[in-house]
Protein chains: 2
Amino acid sequence: MCATKWPAGAILDGMSTQVPQTVPQEEWLRLDRQICFSLHAASRAFNGVYRVILKDLGLTYPQYLVMLVLWEHGETPVKRLGEHLRLDSGTLSPLLKRLEAAGLVRRERSARDERSVEVRPTPEGAALRERAEEVPRRIVSATGFTLEEIGDLHARLDRLTGALDAAALQESPGRR
Amino acid sequence: MCATKWPAGAILDGMSTQVPQTVPQEEWLRLDRQICFSLHAASRAFNGVYRVILKDLGLTYPQYLVMLVLWEHGETPVKRLGEHLRLDSGTLSPLLKRLEAAGLVRRERSARDERSVEVRPTPEGAALRERAEEVPRRIVSATGFTLEEIGDLHARLDRLTGALDAAALQESPGRR
DNA sequence: CACAATTAAGTTGTGTGCAACTAAATGGCC
DNA sequence: GGCCATTTAGTTGCACACAACTTAATTGTG
């Protein structure tokens, strides 16, 4: 919910604030833009390349991510999809409805737990995997990075995400 | 590869496809998810931390980026804002309208070029800068990274974005 | 000067992403 | 068995992000 107060500064609590104060006051806003902004920009640039490549498949980028999970794990409840992709039902429900309308997945209430909805690829959705298999190579090639560099970047980003999640969690302890 | 199928194969043209074929077919879809997904996740994690921190200021993350540009450069036409932030008018127009409604910026048609709209911070918008000055430190601290690591990550991400943009450009040569 | 091409904002429509809420089912606990 | 807290999807509302389009102003060219 993160709807809480913010006594401001809580995010620093419990974290080592080992940032050297060698950077002049004035520079902080510029520096900051570089950090957050370069990530934001990279994410959107990635999105753009995926958009072009996935157009043939009729998928958006988040829809592709969902299909990746389904191809790997088969029938999966919405809840677990959300855990894999870090998305909640507010995002997944309409997305899955579109995938179902496109004939790529089927949704049906679990028999054992009527709260849960199982999502599984239709034959068409499963068949799409073959055509999707060339996507990764094209993406890697578009990055211009070697596999080693990609692995390294991946590790850094995961560490970053972990730290950011931990910091945000300090604020809103009760969600997802 | 890159043989027949897609007319979209242009994305590979002119790039060295120096990806070693040591990874088995089956693994590609998993690997791929790791690259794109970790970036996607990191971007959203950043967004989450910013959302929490910026709530005090009444700004969303993209609105904060716009204010950063305005604080640094003063009066700026919408067009230039878009260049700085890599956003088009479809995103900026409603965003700026909200910032104007919040009393943080003013928009007015340029006298010399009636097509252009100049955006500049109001006194309230300018005053917000002071309160925003603590944001970067809190963000850096939330990442758990040193400034050196951040600089390094920043360089990699910029390189990545450049390569991805170049690849996407090959596909849709006529835009933005 | 006239007129086509270009440029800058804005609008419309679609698809996320997420907070806040609702509804239904389940599991504990007495 | 009855009741309440929890869990799971779904819905609503808001804010990007971007493609495609519209409108208005400017520029370039003959």
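**Exercise 1. How many of the nine residues of helix α6 (residues 135-143) of chain B are buried?**

Before starting, keep in mind that this is a predicted model.

*Solution.* Step one is to walk along the helix with the cut-off in hand: a residue is buried when its relative accessible area is under 20%. Step two is to list the residues that pass: V135(B), P136(B), R138(B), I139(B), V140(B), S141(B), A142(B) and T143(B). Step three is the conclusion: eight of the nine residues are buried, so helix α6 of chain B is largely enclosed by the rest of the structure. As a last look, step past the end of the helix: just after α6(B), G144(B) has a positive phi of about 75°.

**Exercise 2. Work out the surroundings of T143(A).**

*Solution.* Begin with its place: T143(A) belongs to helix α6 of chain A, which covers residues 135-143. Next comes accessibility. With a relative accessibility of 2%, T143(A) counts as buried, because the limit is under 20%. Then follow the side chain of T143(A), which reaches the backbone nitrogen of F145(A) at 3.1 Å. Finally, collect the contacts, leaving out residues up to four places away in sequence. In chain A, T143(A) touches F46(A) and I150(A). From chain B, T143(A) meets L160(B), A163(B) and L164(B).

**Exercise 3. Find what is packed around L54(A).**

*Solution.* Start by locating L54(A) in helix α1 of chain A, residues 28-54. Its relative accessible area is 0%, so L54(A) is buried. Now ask about contacts, setting aside neighbours within four places in sequence: these are L59(A), T60(A), Y61(A), Y64(A) and V135(A). To close, check a pair that is far apart along the chain. L54(A) and A132(A) are 78 residues apart in sequence, and their C-alpha atoms are separated by 8.3 Å.

**Exercise 4. Place that pair in the setting of the whole of chain A.**

*Solution.* First, count the elements: chain A has seven helices and three strands. Second, read their order from the N terminus, which is α-α-β-α-α-β-β-α-α-α. Third, look at burial: 48% of the 176 residues of chain A count as buried. Fourth, turn to contacts between residues at least 6 apart in sequence; in chain A, 53% of these join residues at least 24 apart.

**Exercise 5. Describe the cavity and say which elements line it.**

*Solution.* Here is the idea behind the search: rolling a probe the size of a water molecule over the atoms shows where empty space is left. The count comes to one cavity of 30 Å³ or more, and the largest cavity has a volume of about 30 Å³. Next, name the lining. Chain A supplies F46(A), I150(A), L153(A), H154(A) and L157(A), while chain B supplies I35(B), S38(B) and L39(B). Two elements give two or more residues each to this lining: α7 (147-169) of chain A and α1 (28-54) of chain B. The largest share, four residues, comes from α7(A). Sorting the lining by class gives six nonpolar, two polar and no charged residues. Here is a link back to Exercise 2: F46(A) and I150(A) are part of this lining, and both are also touched by T143(A).

**Exercise 6. Work out how the two chains are related.**

*Solution.* Lay chain B on chain A: a turn of 180° with a shift of 0.0 Å along the axis does it, with an RMSD of 0.1 Å. That is the relation of a two-fold axis. In chain B, the C-alpha nearest this axis belongs to S43(B), at 3.3 Å. Then compare the interfaces: 98% of the interface residues of chain B are also interface residues in chain A, so the copies meet through the same surface.

**Exercise 7. Examine the backbone at R86 in each chain.**

*Solution.* Take chain A to begin with. R86(A) sits in the loop between α3 (78-85) and α4 (89-101). Its phi is near 60°, a positive value in a residue other than glycine. With a relative accessible area of 31%, R86(A) is partly exposed. Now repeat the steps for chain B. R86(B) lies in the loop between α3 (78-85) and α4 (89-101) of chain B, its phi is likewise near 60°, and its relative accessibility of 30% makes it partly exposed.

Conventions:
Residues numbered from 1 in each chain as written. Chains lettered and ligands numbered in written order. Predicted model: local features only at pLDDT ≥ 70, side-chain atom pairs only at ≥ 80, totals over all residues. Heavy atoms only, no water. Buried < 20%, exposed > 50% of the residue type's maximum accessible area, 1.4 Å probe, protein only. Polar contact = N/O pair within 3.5 Å; in protein donor to acceptor, adjacent residues only side chain to side chain. Contact = heavy atoms within 4.5 Å. 1 Å grid on protein atoms, 1.4 Å probe; cavity = no way out; pocket = protein on both sides within 12 Å on 5 of 7 lines; lining within 4 Å. Points joined across faces, edges and corners; volume = space filled by probe spheres on them. Nonpolar A, V, L, I, M, F, W, Y, C, P; charged D, E, K, R; others polar. Least-squares fit on C-alpha atoms with pLDDT ≥ 70 in both.
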